[in-house]
Amino acid sequence: MTTDTTTKDTAPGPHAPGETVLDARGVTMRFGGLTAVRNVDLTVNSGEIVGLIGPNGAGKTTFFNCLTGLYTPTEGEVRYKGKILPSQSFKVTAAGVARTFQNIRLFANMTVLENVLVGRHTRTKEGLWSALLRGPGFKKAEKASEERAMELLEFIGLAAKRDHLARNLPYGEQRKLEIARALASEPGLLLLDEPTAGMNPQETRATEELVFAIRDMGIAVLVIEHDMRFIFNLCDRVAVLVQGEKLVEGDSATVQGDERVVAAYLGEPYEDAPGQAEVAEVEAAEAQADAAPRKETDR
Ligand SMILES: Nc1ncnc2c1ncn2[C@@H]1O[C@H](COP(=O)(O)OP(=O)(O)OP(=O)(O)O)[C@@H](O)[C@H]1O
């Protein structure tokens with residue numbers, strides 16, 4: 001794995017350590033009568049890996065979509081390095097925010113290298129169509145772009161497969177290629193939506209190392225994941241979404257020890273939660289039954 005941090009062409013450039021990279025305030029997203037995300041604040045600072053967790057349907061992907069211009073939030077604003085992000089996804093990428101998707105979105109019939117080159121189109125003057133059609137403008141910029149794409153493939157561990165079709169890669173490598181393609185836009189912030197979904201434990205550990213290496217390149221990371229071990233090993237901070245609202249935010253130990261988080265995942269009530277009185281009643285009845293002397297026939 002190389003860790004060349006060179007940024008080229010029109011990349012936004014590195015940022016000072018500790019600077020707020022992402023600042024989402026009061027983000028709300030409604031779909032008709034359904035509020036999928038409600039008044040969520042979240043910051044990511046440079047040098048940080050931040051996790052976003054929550055049960056299925058909690059609003060995590062919807063929140064990502066609000067950050068990346070796929071959705072325009074019903075309320076709230078999203079700033080990247082102090083500037084409000086535009087509401088079109090290609091402009092968000094150009095501003096310095098890249099993402100991967102829960103469902104892999106590669107160009108299946110293009111090679112590994114071509115997929116990464118397409119990811120560079122926001123950083124070259126030639127643009128997407130020129131990249132796809134390999135027009136004269138693209139050819140001129142091709143060499144530098146290809147060098148950078150190969151650096152990224154080395155970094156991600158797929159250089160030897162540069163000419164393989166994306167669709168022929170094993171699943172874990174397709175996920176890696178998606179990350180390489182996102183990195184090709186030279187982001188300052190990378191959003192990963194379930195990067196280890198479908199991976200075996202070995203691939204998951206390798207992805208953990210990869211995300212640390214990306215952070216060490218100077219790219220802040222916000223990651224959605226259901227694998228708790230992955231999240232708690234990896235993240236400096238974790239925010240928990242439940243039914244569209246941010247329930248808890250803190251370091252791994254704080255979040256793991258918060259009974260509301262356990263309750264949200266396991267469906268167990270916490271102190272003062274609705275239903276707590278009924279649960280106490282059932283528990284008392286069970287304790288009484290246990291304490292009662294058993295009849296001979298029960299033995
Ligand atoms: N385009 C949409 N139109 C209507 N409802 C939507 C839309 N997208 C998401 N939702 C709803 O918003 C809620 C949040 O969904 P979302 O996919 O953001 O959750 P999630 O936390 O990412 O879940 P998972 O972990 O299962 O991926 C769900 O009730 C979902 O059905």
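This report describes the fold of a predicted model, from its overall composition to two groups of paired strands.

## Overall composition

The protein chain contains 11 helices and 10 strands. Of its 299 residues, 38% are buried. Where contacts join residues at least 6 apart in sequence, 65% of them link residues at least 24 apart.

## The antiparallel sheet

Four strands form an open sheet in the order β2-β1-β4-β5, and their pairing is antiparallel. The edge positions are taken by β2 (34–45) and β5 (83–84); each has a single partner strand, so one side of each is left without a neighbour in the sheet.

Within this sheet, strand β1, which spans residues 20–31, pairs with β2 in the antiparallel sense over 8 bridges. One of the residue pairs involved is V27 with V40, the latter lying in β2.

## Strand β7 and its parallel partners

Strand β7 covers residues 189–193, and 5 of its 5 residues are buried, so the strand is largely enclosed by the rest of the structure. Burial extends to both faces: L189, L191 and D193 lie on one side, with L190 and L192 on the other.

Two parallel pairings involve β7. With strand β6 (residues 97–99), the pairing runs over 3 bridges, and A98 has L190 of β7 as its bridge partner. With strand β8 (residues 220–224), β7 pairs over 5 bridges. Here D193, a buried residue of β7, has I224 of β8 as its bridge partner. The connection from β7 to β8 passes through helix α7 (residues 201–216), forming a right-handed β-α-β crossover.

Conventions
Residues numbered from 1 in each chain as written. Predicted model: local features only at pLDDT ≥ 70, side-chain atom pairs only at ≥ 80, totals over all residues. Buried ≥ 20, exposed ≤ 12 C-beta atoms within 10 Å, placed from the backbone. Contact = placed C-beta atoms within 7 Å. Pairing = 2+ DSSP bridges. Right-handed = clockwise from strand over helix to strand, strands pointing away.
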